Amino acid sequence: MACDFVRWSEYVEMEQTAYGLCLFLGGERQKDRLVPGRQEGGVTGASARKEFVIGHAVVGRGTGEGRGVAKQSWRSVMDESAMDRDLHSLLFEEGRELVNIKFLPGTNRGLSPERLCAAAGKALRSIFNEGLKDEPPVSGRKKSSIRDALAVNG
Amino acid sequence: MSLRKLYDLFRGRTDLPIEITELRDAVVKFGPQDGIIFQGRDLDPGELGGIFYQWKDHPAPYAEPRLMTLIVFPSNALVSSQRMVCAKELVHIMDPPIERVNDADKLKSLAEKLLGPMSSEDFGLADLIAAQDKMAVYRCIPLVFPSAARIEAIAAAEAGSTIEKIAEVACLPARIVELALSPDWAEIEKTILEDC
């Protein structure tokens, strides 16, 4: 089986325990996407053997029946298009050697990794298109100790 | 360069606000950085609050690579929030090598772990990196609200000053000042300092 999106060891484990968890066919969502961590799920009433497809690679077969439990800690699949092509290009294809990247995620419930990465890609692309410009935020306040400031103002 | 050295440098400061450029100057003093750039962008607060991006430039063959850091903050947020984002992201300059996200797999994992539910059953590098990333907010507080200033703030609060007035002097979000003045903060700060 092709294993473009999982390590071989993960596939082998999935062969033993996982069942009907995360189905993507041609990019369409077929079942609720599996989130990282232990996940209970499955297709009720299903027959013994199911193939499941992640992205465009067939990655394994479940061997359970009905509801199954994924015992493998499993990352949801994000291929390059899901990460956001622009972010991927910025980070890995434009001559800059990535040393470290971190995000402060937004506050929307249900914010997806794809939306986060797309927002980051958009912001970075806009900056690199315009050119780097150092513009740190400045408080605009005169320095004072709390003791002095609040004694004056009460 | 370590976070502890930065803490020691700012610990006794009472003159507020601590400007982001002061933090940057201190970081540059301690370690090799060719450029630390802060740049604002309109960010949808529901999707993205800030970015820390560090890379090496190779300006010419055989030339020394330059270590560049770009911190993106929300220009459409209040200045106090902008400053908090910058301070939090600046702390990542001190990330130990194991916590650096420097390839596509780690980036994917980080995004998922940051947004996914915390699970006590997941153990792995991605979980560690995401957990430490969340800690960065706590780690930057002693830099923008140093211990000596905090002592003055406690006295001011006991004398009747409001959190909002104190936050205004420090140019920080009120909720951060509230956390730093909470009874738990002394222990939290002690833990952070012991870890670095």
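The side chain of B:Glu47 makes a polar contact with the side chain of A:Arg115 at 2.8 Å, a polar contact being a pair of N or O atoms within 3.5 Å, where within protein one atom must be able to donate a hydrogen and the other to accept it, and where residues adjacent in sequence count only if both atoms are side-chain atoms. This is a predicted model, in which local features need pLDDT of at least 70 and side-chain atom pairs count only at pLDDT 80 or more, while totals for chains, interfaces and linings use all residues. Residues are numbered from 1 along each chain as its sequence is written, chains are lettered from A and ligands numbered from 1 in the order in which they are written, and side-chain values use heavy atoms, with hydrogens and water left out.

## Surroundings of B:Glu47 and B:Phe52

B:Glu47 lies in the loop of chain B between strand S1 (35–41) and strand S2 (48–57), where strands (E, at least two residues) and helices (H or I, at least four) are DSSP runs numbered from the N terminus. With a relative accessible area of 14%, B:Glu47 is buried; buried means under 20% relative accessible area, exposed means over 50%, and partly exposed lies in between, with a 1.4 Å probe and protein chains only. Not counting residues up to four places away in sequence, B:Glu47 touches A:Pro105, A:Gly106, A:Thr107, A:Asn108, A:Leu111, A:Arg115, A:Leu116 and A:Ala119, contact meaning heavy atoms within 4.5 Å.

Strand S2 of chain B also holds B:Phe52, which is buried with a relative accessible area of 0%. Leaving aside residues up to four places away in sequence, the residues that B:Phe52 touches include A:Asn100, A:Ile101 and A:Lys102 from chain A, and B:Thr69, B:Leu70 and B:Ile71 from chain B. B:Phe52 and B:Lys165 are 113 residues apart along the chain, and their C-alpha atoms are separated by 30 Å.

## Chain A and its side of the interface

Chain A contains five helices and seven strands, which run from the N terminus in the order α-β-β-β-β-β-β-α-α-β-α-α. Of its 154 residues, 49% are buried, and among contacts between residues at least 6 apart in sequence, 64% join residues at least 24 apart.

How many residues of chain A are in contact with chain B? There are 64 of them, in contact with 75 residues of chain B. The area buried between the two chains is about 6,000 Å², of which carbon and sulfur atoms give 61%; buried area is the accessible area (1.4 Å probe) that two parts lose on being put together, summed over both. On the side of chain A, A:Lys102, A:Pro137 and A:Ile146 lose the most area to chain B, together 14% of what that side buries.

Between the chains there are 32 residue pairs in polar contact, both residues at pLDDT 80 or more. The elements of chain A that give two or more residues to this side are helix H3 (85–92), strand S7 (97–105), helix H4 (113–130) and helix H5 (146–153), and H4(A) supplies the largest share, twelve residues. By class, the side of chain A that touches chain B has 31 nonpolar, 18 polar and 15 charged residues, where Ala, Val, Leu, Ile, Met, Phe, Trp, Tyr, Cys and Pro count as nonpolar, Asp, Glu, Lys and Arg as charged, and the others, Gly among them, as polar.

## Salt bridges

The structure holds 17 salt bridges over all chains, and seven are counted between chain A and chain B; a salt bridge is a side-chain nitrogen of Lys or Arg within 4 Å of a carboxyl oxygen of Asp or Glu. Some of the pairs are set out here.

| Acidic residue | Basic residue | Closest N to O |
|---|---|---|
| A:Glu130 | B:Arg41 | 2.9 Å |
| B:Glu22 | A:Lys143 | 2.6 Å |
| B:Asp8 | B:Arg11 | 2.4 Å |
| B:Asp15 | B:Arg13 | 2.7 Å |

In the salt bridge between B:Glu22 and A:Lys143, B:Glu22 lies in helix H2 (residues 20–30) of chain B and A:Lys143 in the loop between H4 and H5 of chain A, so the pair joins two chains. B:Glu22 counts as partly exposed at 22% relative accessibility, and A:Lys143 counts as partly exposed at 35%.

Within chain B, B:Asp8 is partly exposed at 43% relative accessibility, and its partner B:Arg11 is partly exposed at 30%. B:Asp15, which pairs with B:Arg13, is partly exposed at 26% relative accessibility. Salt bridges that share partners also join A:Asp86, A:Glu94, A:Arg96 and A:Arg125 into one network.
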